[in-house]
Amino acid sequence: ITDDTITTDQIADTSVHGRRNLIINGGMTVAERQGTTTINNSQAYSPVDRFQGIGSSGGIFDITQSTTSPDGFKNSLKVEVTTADSSIGASEYYVIDQRIEGSNIPQLAWGTSAAKDVTLSFWVRSSVTGTHGGAVSNSAANRSYPFTYTISAADTWEYKTIAIDGDTSGTWLTTTGVGIRLYWGLGAGATPSGTAGAWGAAEYRTATGAVQLIGTANATWYMTGAQLEVGIATPFEHRSFSEELQLCRRYFYAQQPKGLTSQATNDANCILGTSYGANNVYAVIEFQTEMRVYPAVSSGGTWYARANNSISFTGAFGTQRRGRNNYTVGQTAGSHSAGATLWCEPGNGSYLYFDAEL
């Protein structure tokens with residue numbers, strides 16, 4: 001507060017109170033998908049929950065959860081370029097992004113004369129120095145605010161803050177749809193790039209003139225401590241792991257073993273099921289929090305359904321009944337009595353994924 005008159009709005013915008021961070025999993029601690037996500041002319045969510053990668057051309061990069069992090073943090077999101085794109089086309093782009101649900105942004109009042117200014121802050125480290133870019137965009141893809149930040153030293157953690165004026169124009173959803181798209185650019189052509197520091201009536205993913213990380217083979221980029229909040233930047237809001245996990249599970253829930261080397265261990269994430277008939281297996285998954293929308297389910301690997309301590313079914317599950325609070329999966333297979341209680345356990349590498357991502 002720079003003047004002598006203290007107002008309620010000034011206190012609200014400069015005090016540390018309540019939940020401030022609109023970004024979920026900004027400390028990169030939750031990684032339900034595990035492993036590595038490779039972006040090869042594709043779009044996919046990364047192992048780090050709520051963050052995805054997009055690449056629209058021939059450059060390839062991997063995304064992993066890393067333990068390389070600045071003091072005060074345990075994890076980061078790591079990008080590594082495995083195939084460089086040194087000739088990016090005019091409409092092509094590569095980004096890391098998080099989509100913020102509209103239900104979480106009514107307090108911003110964007111699209112109105114009362115729109116509030118926000119600040120994006122994060123820790124970043126890269127093997128490529130120079131002026132990097134990113135952008136904030138709306139769901140309709142017709143309002144964007146490109147920004148830049150400078151990496152001064154290679155392979156060194158640096159803290160960045162970016163002030164963003166509240167947008168008094170455009171449509172910003174406050175429903176369960178996409179409220180805000182938040183991009184960190186890894187390289188882009190002229191069309192997805194815009195003038196930094198100003199709102200534009202287009203879908204920009206980064207700032208004009210930003211570093212093309214994707215153009216350097218084996219280049220690395222790490223990010224953690226990502227925070228988007230009303231007003232000025234405040235210290236990162238460290239939530240407990242259990243709270244962060246619950247926030248992530250509104251969008252993605254994984255029923256799978258954690259690091260198993262064999263089937264039927266104590267950490268097998270077993271499911272209690274039953275049989276509707278002699279050749280049917282059904283199991284109900286109770287979600288720990290209500291999901292954003294009815295999720296899509298995918299199943300892989302081998303599941304074992306046991307009745308009277310004998311295996312009556314092996315295979316993958318399909319969809320039977322879906323809801324936002326629970327989901328019934330099943331399969332027409334097996335050999336057991338109608339009404340039998342079944343103990344369903346996953347084999348090594350098997351999973352059930354429930355996806356309600358934006």
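Start with the contacts across the whole chain: among those between residues at least 6 apart in sequence, 75% join residues at least 24 apart. Keep in mind that this is a predicted model. Colour by secondary structure and you should find two helices and 24 strands. Switch on the surface next: the accessible area comes to about 14,900 Å², with 46% of it belonging to carbon and sulfur atoms. Of the 358 residues, 51% are buried.

**Into the main core**

Now hide the surface and select Ile96, Leu120, Trp184 and Trp221. These are the residues with the most contacts inside the largest nonpolar core, which has 44 residues. To see who contributes, show the strands that give two or more residues to this core; among them are strand 4 (60–66), strand 6 (93–101), strand 7 (118–126), strand 11 (178–188) and strand 14 (220–230).

Zoom in on Trp221. Leaving aside residues up to four places away in sequence, what does tryptophan 221 touch? Its neighbours include Leu77, Val79, Ile96, Val124, Trp184, Leu186 and Leu213, and also Lys78, Arg125 and His132.

**Aromatic stops**

Stay here and show the rings, since a search of the whole structure turns up 17 aromatic pairs. Pick Phe122 and Trp184: they sit edge-to-face, 5.9 Å centre to centre, with 85 degrees between the planes. Phenylalanine 122 belongs to strand 7 and tryptophan 184 to strand 11, so this pair ties together parts that are 62 residues apart in sequence. Buried or exposed? Phenylalanine 122 counts as buried at 0% relative accessibility, and tryptophan 184 is buried with 0% as well.

Hop over to Tyr145 and Trp199, another edge-to-face pair, at 5.3 Å between centres and 65 degrees between planes. Tyrosine 145 is in strand 9, while tryptophan 199 is in the loop between strand 12 (193–194) and strand 13 (206–207), 54 residues apart. Tyrosine 145 is buried, with a relative accessible area of 6%.

Before leaving, add Phe51 and Tyr149 to Phe122 and Trp184: the four form one aromatic cluster.

**Two odd backbone spots**

Select Gln34, in the loop between helix 1 (8–14) and strand 1 (37–40). What is unusual about its phi? Glutamine 34 has a positive phi of about 60 degrees although it is not a glycine. Most residues other than glycine have a negative phi. At 33% relative accessibility, glutamine 34 is partly exposed.

Then jump to Asp155, in the loop between strand 9 and strand 10. Aspartate 155 also has a positive phi, near 55 degrees, and is partly exposed at 41% relative accessible area.

**The later strands**

Show strand 19 (303–307). Four of its five residues are buried, so strand 19 is largely enclosed by the rest of the structure. Add strand 23 (341–346): four bridges join it to strand 19, and the two run antiparallel. Look across from Arg306 and you'll find Trp343 of strand 23 standing opposite.

Last, bring up strands 15, 24 and 18, an open antiparallel sheet in the order 15-24-18. Strand 15 (252–255) and strand 18 (296–300) are the edges, each pairing on one side only. The twist averages 15 degrees from one strand to the next. Strand 15 and strand 24 (351–355) pair over four bridges, and Phe252 stands opposite Asp355 in strand 24.

Key. Residues are numbered from 1 along each chain as its sequence is written. This is a predicted model: local features need pLDDT of at least 70, side-chain atom pairs count only at pLDDT 80 or more; totals for chains, interfaces and linings use all residues. Side-chain values use heavy atoms; hydrogens and water are left out. A nonpolar core is a set of buried Ala, Val, Leu, Ile, Met, Phe, Trp, Tyr and Cys residues joined through side-chain atoms within 4.5 Å. Buried means under 20% relative accessible area, exposed over 50%, partly exposed in between (1.4 Å probe, protein chains only). Contact means heavy atoms within 4.5 Å. Two strands pair if DSSP finds at least two bridges between them. Axes are lines fitted to C-alpha atoms, for helices over the stretch in contact, and angles run from 0 to 180 degrees between N-to-C directions. Accessible areas come from the Shrake-Rupley method with a 1.4 Å probe; for residues, only the protein chains shown count as cover. Rings of Phe, Tyr and Trp (its six-membered ring) pair if their centres lie within 6.5 Å; planes under 30 degrees apart count as stacked, over 60 as edge-to-face and the rest as tilted.
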